[in-house]
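Q: Please examine one part of this model closely and set it within the chain as a whole. I would like the account to concentrate on a single loop residue and its surroundings.

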Amino acid sequence: MFDRPEEFDPNRDGLARHLSLGHGIHNCVGDSLARLEMETALAALARRQPGLRLVRPEVVSYKPLTQFQSPRELRVTPLA
């Protein structure tokens, strides 16, 4: 799908074309593990950067998914 798939590049072209964890009958069998990994990573981030806050929490937009709500993005900033 992507050139250099082993590299993390959130600005690469064509990000909307991948299926990621999918949904419905095309749901990834590893999605539970991926969600647990994300929960662990976010908990570690919160411990290391306890002052992080949403930049503008009133403008969080969500992806149109049927199974759960997922924000399109969450911009954070350190508490001053």
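**A loop serine in context**

A: Read from the N terminus onward, the protein follows the pattern α-β-β. The model is predicted, and it has 1 helix and 2 strands. The residue to be examined is S70, found in the loop between β1 (52-54) and β2 (76-78).

Is S70 buried or exposed? S70 has a relative accessible area of 16%, and it counts as buried because this value falls under 20%. Across the protein, buried residues make up 5% of the 80 residues. Which residues is S70 in contact with, once its neighbours within four places in sequence are left aside? They are Y62, K63 and L65.

A residue of the helix may be set beside this serine. M38 lies in helix α1, which covers residues 31-48. With a relative accessible area of 48%, M38 is partly exposed, whereas S70 is buried. M38 also belongs to a nonpolar patch on the surface, formed together with L42 and L45. The accessible area of M38, L42 and L45 together is about 280 Å².

Two totals describe the protein as a whole. Its accessible surface comes to about 7,300 Å², and carbon and sulfur atoms account for 57% of that surface. Of the contacts between residues at least 6 apart in sequence, 24% join residues at least 24 apart.

To return to the part under examination, S70 is a buried residue in the loop between β1 and β2, in contact with Y62, K63 and L65 beyond its neighbours within four places in sequence.

Note on methods
Residues numbered from 1 in each chain as written. Predicted model: local features only at pLDDT ≥ 70, side-chain atom pairs only at ≥ 80, totals over all residues. Heavy atoms only, no water. Patch = residues over 30% accessible without salt bridge, like charges linked within 9 Å, V, L, I, M, F, W, Y side chains within 5 Å. Areas by Shrake-Rupley, 256 points an atom, 1.4 Å probe, with all protein chains shown as cover. Salt bridge = Lys/Arg side-chain N within 4 Å of Asp/Glu carboxyl O. Helix = DSSP H or I, 4+ residues; strand = E, 2+ residues; numbered from the N terminus. Buried < 20%, exposed > 50% of the residue type's maximum accessible area, 1.4 Å probe, protein only. Contact = heavy atoms within 4.5 Å.
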